[in-house]
Amino acid sequence: MMATYPASISAKGRILVIDDEPDIRESLEALLTSEGFSVELAQNGTEGLQKLESRGYDIILLDLMMPDIPGMDVLREFRLRDQLTPVFMITAYGSVEAAVLALKLGATDYFSKPWDNEKLLIEIGNVIDRRRLEDENTQLKRALKQRYSFPNIIGKSDRMVRMLDLVAQVASSRSTILITGETGTGKELVAKAIHANSPRADQLFVAVNSGSLPPELLESSLFGHVKGAFTSAIHTKKGYFEVASRGTIFFDEIGTIGAETQIKLLRVIQEKEFTPLGSTDPVKVDVRILAATNADLLQLVKEGKFREDLYYRLNVINIALPPLRERKEDIPLLAGHFFNHYCRENNKFLDLSGRSTLHFEADALQVLMEHTWPGNVRELENVVERAVVLATDASVPLEVLPDALLEANGVRLRRTEGAPLPSNASLFEIVNDYERRIIMDRLEQCNWSQTEAAESLSVPLSTLNQKIKRLGITIRKKGEG
């Protein structure tokens, strides 16, 4: 059975040390805890197997020779239940034969007593970092098959259909792709869909937010560094390119990277190799590069802020995502998709099949259709999430929409009774005024009985009450003039 990757109780991870020698256990515990790891100890193979049965660990340090159960047998038994958790064998003998056998049985690596503290810490750190990234991507791959496969990218407009046709054509290629579009249009969503439908889908997808890191930190993150490359480089560390080898690396906001990084990125694309910071030895890498930007890269090229040769290397295939204001026919579909998601998340307004029963009233939907959506799909998602949280009925009224969105579309929800409409009144205000007068007339005819008025208008009482509240109608007592 494959073990679930444990949630570590420390930032660095939880480690189990299985060794019959107290000095070894105490020495490893002191070393690892000083570096921020959470350490548990087992004094023999039996205790070690008991601990492994009861909880998960990020890594296991296992002695080869123990009096009750040899380390090889502990490894065999553990691997029957867990094939993923890294296991480092500890040996005092330095036996090549024993080490090879341990590796064949599923050990990750081995080290001999006495060990080099610095080297051991580097190896443990690298293994745990790699494991965490693999675990995140395993979860991502499961989600991608459901959330990011092409049929589930929401849109029926001509622009979206053409864009998805292009995505389907290029996903299986090795070509570099530049994804362009305004903020909130779903550029990373498309990048993940390309990866999920490519031959690299079973390898890592590594996303790099180019604009959030200063240049020196970005280069270290991308290309890694050797010990001593700079003041704080106390350990050798792999960069994103090496970690993403055989997979996909995605650069978000590629237009923000500095000139030096642009040169190095160009070399990776052309030569398929890079040199870690502080090293003189190039590292070969097989990785597909996807990039995204909301900027006009050609304009940046003209301004001398982005290399022209890098631009053409990145822009082998361009996928342009349309802003939401140019595909408004997709708004009802997107709203329904987000209603389903957030109703399930909040366990509200779900039918027996687990689908949302929420929907926007006609006037609310009309406002959404008229809005220019500067924040694009992300803004619409926020509006729908707000509606799910605030909804008290399956029919979501206009007043649930954010004030800023209403104001941007010239909608005033309340008006003093009897006050005339302004000369620049919007269509929504005119319609609301007309609806308000009809409801007030019917209420007066029914002697201000809301129940009778609702029956007379053939609408549910709850709907009438919502309209009364939204339109600012003051209910009079029966018999009042």
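The exchange below takes up some terms used for this predicted model and the values behind them.

Reader: How were the values in this model obtained?
Author: This is a predicted model in which local features need pLDDT of at least 70 and side-chain atom pairs count only at pLDDT 80 or more, while totals for chains, interfaces and linings use all residues. Residues are numbered from 1 along each chain as its sequence is written, and side-chain values use heavy atoms, with hydrogens and water left out.

Reader: Why is asparagine 346 called partly exposed?
Author: Buried means under 20% relative accessible area and exposed over 50%, with partly exposed in between (1.4 Å probe, protein chains only); asparagine 346 has 33% relative accessibility, and therefore counts as partly exposed. Asparagine 346 lies in helix α13 (residues 331-346), where helices are DSSP runs of H or I with at least four residues, strands are runs of E with at least two, and both are numbered from the N terminus.

Reader: How do you know that the buried residues of α3 line one face of the helix?
Author: Those residues are Gly71, Met72, Val74, Leu75, Phe78 and Arg79. Seen down the axis of α3, they fall within an arc of 155° (taken from the directions from the helix axis to the C-beta atoms), so they line one face.

Reader: What makes a set of residues a nonpolar core?
Author: The set must be of buried Ala, Val, Leu, Ile, Met, Phe, Trp, Tyr and Cys residues joined through side-chain atoms within 4.5 Å. The largest such core has 31 residues, with Phe241 and Ile249 among those with the most contacts inside it, and α10 gives the most, four residues.
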